[in-house]
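Please find below my note on the model you sent, set out point by point for your consideration.

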Amino acid sequence: METLSKRTVAEAVGTAFLLAAIVGSGIAAERLSSGNVGLALLCNAIATGAALVTLILVFGPISGAHLNPLVSLAFALRGDLPRSALVPYIGAQIVGALAGVAIAHLMFGAPLIELSDKIRAGSGQTIAEAVATFGLLVTIFGCVARNATGTPYAVGLYIAAAYWFTASTSFANPAVTIARAFTKSFAGIAMADVPVFIVAQCVGAVAAYFFAAWMWPRVRPESKSSFS
């Protein structure tokens, strides 16, 4: 197993690249789409999904490529991540996410950090975040249980699709949500809407955790004797 320091750096760098992809592609899409919001969202979704596949393939063997505090928490509760690694993972993800926003701004000549004024409020968006996060965690748990090698592709495809079928465009990640409050670009979210999004994401994650425990029960070593 890799050292904790190497794993946390992988989480930080991976999350930074994820946010650079989300924010950077949003800025590029908005500038190049001539005001066509649908086209901008399509470009943003494709770039984000493709980046996720790549990042999970690259950093998965090192840290698991959680890139999401709720994914790390869920795996810690399952016993797949040492509890001692949880806080370093989450800290690395948040710091990496903020760094990714700043890097995207530097690449596109925007201010290093700027508070978003993009309102994302209402019951529909709140429900959408719970649904998006539930779907993401179920996708991960289901793949890990039955088809682990397909996880990077399933996650990337799910997020690209969820950009379109959820009213919130599927943040589904507290670190991503916090970081996107610091950009006025296409991907931004007003700081006032961040807490509600994160609460909804936590609700969706809890529901997914218990659903996955029922749908794909983990077999304990002592219970395998009937077929051994």
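The numbered points that follow go from the overall fold to particular residues.

1. The coordinates come from a predicted model, and every value in this note should be read with that in mind. The secondary structure of the protein chain comes to 8 helices and 0 strands, so that, read from the N terminus, the order of elements is α-α-α-α-α-α-α-α.

2. On overall dimensions, the radius of gyration of the protein chain is 17 Å, which agrees with the value near 17 Å that a compact globule of 228 residues would have. The C-alpha trace spans about 65 × 35 × 30 Å along its principal axes, and I would report these extents together with the radius of gyration.

3. Turning to packing, 50% of the 228 residues of the protein chain count as buried. Among contacts between residues at least 6 apart in sequence, 75% join residues at least 24 apart. The protein chain exposes about 10700 Å², of which carbon and sulfur atoms supply 71%.

4. A nonpolar patch of about 380 Å² lies on the surface and is made by Leu39, Leu42, Ile46 and Trp164. Helix H2, which covers residues 37–63, gives the most to this patch, with 3 residues. Leu39 is found in helix H2, and it counts as partly exposed because its relative accessibility is 38%, a value that lies between the limits of 20% and 50% for that class.

5. The structure holds 2 salt bridges. In one of them Lys6 pairs with Glu2, the closest N and O atoms being 3.5 Å apart; Lys6 is partly exposed, with a relative accessible area of 44%, and Glu2 is likewise partly exposed, at 31%. In general, side chains of opposite charge can pair when their charged atoms come close.

6. The other pairing is between the side chains of Asp80 and Arg78, which meet in a salt bridge with an N to O distance of 3.1 Å. Asp80 is partly exposed, its relative accessible area being 37%.

7. Is Ser84 buried or exposed? Ser84, which is found in helix H4 (residues 83–107), is exposed, because its relative accessible area is 59% and the class begins over 50%. Ser84 and Thr48 are 36 residues apart in sequence, and their C-alpha atoms are 30 Å apart in space.

Technical notes: Residues are numbered from 1 along each chain as its sequence is written. This is a predicted model: local features need pLDDT of at least 70, side-chain atom pairs count only at pLDDT 80 or more; totals for chains, interfaces and linings use all residues. Side-chain values use heavy atoms; hydrogens and water are left out. Patches are made of residues with over 30% relative accessible area and no salt bridge: like charges are joined within 9 Å, nonpolar side chains (Val, Leu, Ile, Met, Phe, Trp, Tyr) within 5 Å. Accessible areas come from the Shrake-Rupley method with a 1.4 Å probe; for residues, only the protein chains shown count as cover. A salt bridge is a side-chain nitrogen of Lys or Arg within 4 Å of a carboxyl oxygen of Asp or Glu. Helices (H or I, at least four residues) and strands (E, at least two) are DSSP runs, numbered from the N terminus. Buried means under 20% relative accessible area, exposed over 50%, partly exposed in between (1.4 Å probe, protein chains only). The radius of gyration is taken over C-alpha atoms; the globule rule is 2.2 Å times the number of residues to the power 0.38. Contact means heavy atoms within 4.5 Å.
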